[in-house]
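Okay, everyone, thanks for coming. Let me put today's structure up on the screen, and then I'll walk you through it.

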Amino acid sequence: ALTLPLMALGGSGIISVASNLVPGPMQSLVQAALTGDFETAREWHFQLLPFLKSNFIETNPIPIKAAMQLCGM
């Protein structure tokens, strides 16, 4: 959930747990931010936010492993 705020402050990328399950949307968010397209990055951020928040309800990596298992991964 901190990817967009950090990139807006000058971050140049992320190491992402969420990308294990949603690599395309996370890449889209990061690429948009890197190119300065913060309108698109913001759209991706708000679309992903519920998922991103749920990934940190418990200690990492428990939530993402459970989500991946539910998706057959």
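So, where does V17 lie? V17 sits in the loop between α1 and α2; helices here are DSSP runs of H or I with at least four residues, strands are E runs of at least two, and both are numbered from the N terminus.

Before I go on, some housekeeping. This is a predicted model, where local features need pLDDT of at least 70 and side-chain atom pairs count only at pLDDT 80 or more, while totals for chains, interfaces and linings use all residues. Residues are numbered from 1 along each chain as its sequence is written, and side-chain values use heavy atoms, with hydrogens and water left out.

How confident is the predictor? pLDDT is its confidence in each residue, from 0 to 100. The chain has a mean pLDDT of 95, with 100% of its residues at 70 or more. Among the elements, α2 has the highest mean, 97, and helix α4, residues 62–70, the lowest, 94.

Back to V17. It counts as partly exposed, because its relative accessibility is 22%; buried means under 20% relative accessible area, exposed over 50%, and partly exposed in between, using a 1.4 Å probe and protein chains only. Setting aside residues up to four places away in sequence, V17 touches N60 and I64, where contact means heavy atoms within 4.5 Å. The C-alpha atoms of V17 and K65 are 9.7 Å apart, with their positions 48 residues apart along the chain.

Now look at N60. The peptide bond from N60 to P61 is cis, with omega near 10°. Most peptide bonds are trans, by the way. P61 is in the loop between α3 and α4, and N55 is found in that loop too. N55 is buried, because its relative accessible area is 3%. Beyond its neighbours within four places in sequence, N55 is in contact with A18, P63 and I64.

On to the middle of things. A nonpolar core is a set of buried Ala, Val, Leu, Ile, Met, Phe, Trp, Tyr and Cys residues joined through side-chain atoms within 4.5 Å. The largest one here has twelve residues, including L4, A18, L29 and A41. α1 (3–8), α2 (23–34) and α3 (38–54) each supply at least two residues of this core, and the largest share, five residues, comes from α2. If you want one residue to follow, take A41: not counting residues up to four places away in sequence, A41 touches L4, L29, A32 and A33.

So how do α2 and α3 meet? Their axes come within 8 Å and cross at roughly 145°; the axes are lines fitted to C-alpha atoms, for helices over the stretch in contact, and angles run from 0 to 180 degrees between N-to-C directions. On the α2 side, the residues include P25, M26 and S28, and they meet residues of α3 including F38, W44 and H45. By class, that contact has ten nonpolar, three polar and no charged residues. Here Ala, Val, Leu, Ile, Met, Phe, Trp, Tyr, Cys and Pro count as nonpolar, Asp, Glu, Lys and Arg as charged, and the others, Gly among them, as polar.

Last stop, two residues of helix α3. H45 lies in α3 and is buried, with a relative accessible area of 9%. Leaving out neighbours within four places in sequence, H45 is in contact with A1, L4, P5 and L29. R42 has its place in α3 as well, but R42 is partly exposed, at 41% relative accessibility. The C-alpha atoms of R42 and L70 are separated by 28 Å, and the two residues are 28 apart along the chain.

Definitions and conventions
pLDDT = per-residue confidence, 0-100.
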